[in-house]
Amino acid sequence: MHPFQVFIVALLLLHLADSQLVEDGYYVSGKTKSECGHVAVFCKNGIKTPVQSGYYSIGSKDESTRSSERICDRGHYCVGGRKFKCDEGLIGSTLGLSSPDCSQ
């Protein structure tokens, strides 16, 4: 392996080791550890990730330290990392809905 390749691999391994030391719900930017921030993102292994459309964030009662995401349940729709119940008369029979229209 070329010395430059060894250097790059070593840097990647150091970054991976640093991020593994950060508890869930927090991310690392440079050498600074911060709370994830809000329900529209989650932080796992020191990396901040946006919550997908049709999913909501989980992993902590504190909205600023979420650590994972879960697909939206039937009878609900999910927007911005939050889960909402479908309005009365709407079924929402599909997992992962992201619109309040749900289904009738």
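1. A word you'll need right away: a residue is buried when its relative accessible area is under 20%, exposed when over 50%, and partly exposed in between, using a 1.4 Å probe and counting protein chains only. By that rule, 29% of the 104 residues of this protein are buried. The accessible surface adds up to about 6900 Å², and carbon and sulfur atoms own 57% of that; these areas come from the Shrake-Rupley method with a 1.4 Å probe, where for residues only the protein chains shown count as cover.

2. Before going further, some ground rules. This is a predicted model, so local features need a pLDDT of at least 70 and side-chain atom pairs count only at pLDDT 80 or more, while totals for chains, interfaces and linings use all residues. Residues are numbered from 1 along each chain as its sequence is written, and side-chain values use heavy atoms, with hydrogens and water left out.

3. How confident is the predictor? The score to look at is pLDDT, the predictor's confidence in each residue, from 0 to 100. The protein averages 86, and 80% of the residues score at least 70. Among the elements, helix 1 (residues 3–20) has the lowest mean pLDDT, 58, and strand 5 (residues 55–58) has the highest, 98.

4. Now the layout. The protein has 1 helix and 8 strands, in the order α-β-β-β-β-β-β-β-β along the sequence. Both kinds of element are DSSP runs numbered from the N terminus: helices are H or I with at least four residues, strands are E with at least two. As for contacts (heavy atoms within 4.5 Å), look at those with a separation of 6 or more: 29% of them involve residues 24 or more positions apart.

5. Let's zoom in on Ser-64, in the loop between strand 5 and strand 6 (68–71). Is Ser-64 buried or exposed? It counts as buried because its relative accessibility is 13%. Its side chain makes a polar contact with the side chain of Asp-62, at 2.9 Å. A polar contact here is a pair of N or O atoms within 3.5 Å; within protein, one must be able to donate a hydrogen and the other to accept it, and residues adjacent in sequence count only if both atoms are side-chain atoms. Leaving aside neighbours within four places in sequence, Ser-64 is in contact with Gly-25, Glu-35, Cys-36, Gly-37 and His-38.

6. Lys-44 is worth a look too. It sits in strand 3 (residues 41–44) and is partly exposed, at 39% relative accessibility. Which residues does Lys-44 touch, not counting those up to four places away in sequence? They are Asp-24 and Ser-67, and with the side chain of Asp-24, the Lys-44 side chain makes a polar contact of 2.9 Å. Also, the C-alpha atoms of Lys-44 and Ser-68 are 6.9 Å apart, although 24 residues separate the two along the chain.

7. On to charges. Side chains of opposite charge can pair when their charged atoms come close. A salt bridge means a side-chain nitrogen of Lys or Arg within 4 Å of a carboxyl oxygen of Asp or Glu, and the count by this rule is 4. One of them pairs Lys-33 with Glu-23 (3.0 Å, N to O). That links distant parts of the chain: Lys-33 is in strand 2 (residues 32–35) and Glu-23 in the loop between helix 1 and strand 1 (26–29), 10 residues apart.

8. Strand 8 shows up in salt bridges as well. Lys-83 pairs with Asp-73, with the closest N and O atoms 2.8 Å apart. Lys-83 lies in strand 8 and Asp-73 in the loop between strand 6 and strand 7 (76–79), so this pair ties together parts 10 residues apart in sequence. Glu-63 forms a salt bridge with Arg-82, at 3.0 Å between the closest N and O atoms; Arg-82 is in strand 8 (residues 82–85), 19 residues from Glu-63.

9. Last, the cysteines. How many disulfides does a search of the whole structure find? There are 3, a disulfide being a pair of cysteine sulfur atoms within 2.5 Å. Cys-36 is joined to Cys-43 (S to S 1.9 Å), and both are buried. Cys-72 is joined to Cys-78 (S to S 2.1 Å); the torsion about this S-S bond is about 80 degrees, so the disulfide is right-handed. Between Cys-86 and Cys-102, with sulfur atoms 2.0 Å apart, the torsion is about -85 degrees, so that disulfide is left-handed. In sequence order, the bonded cysteines pair 1-2, 3-4, 5-6.
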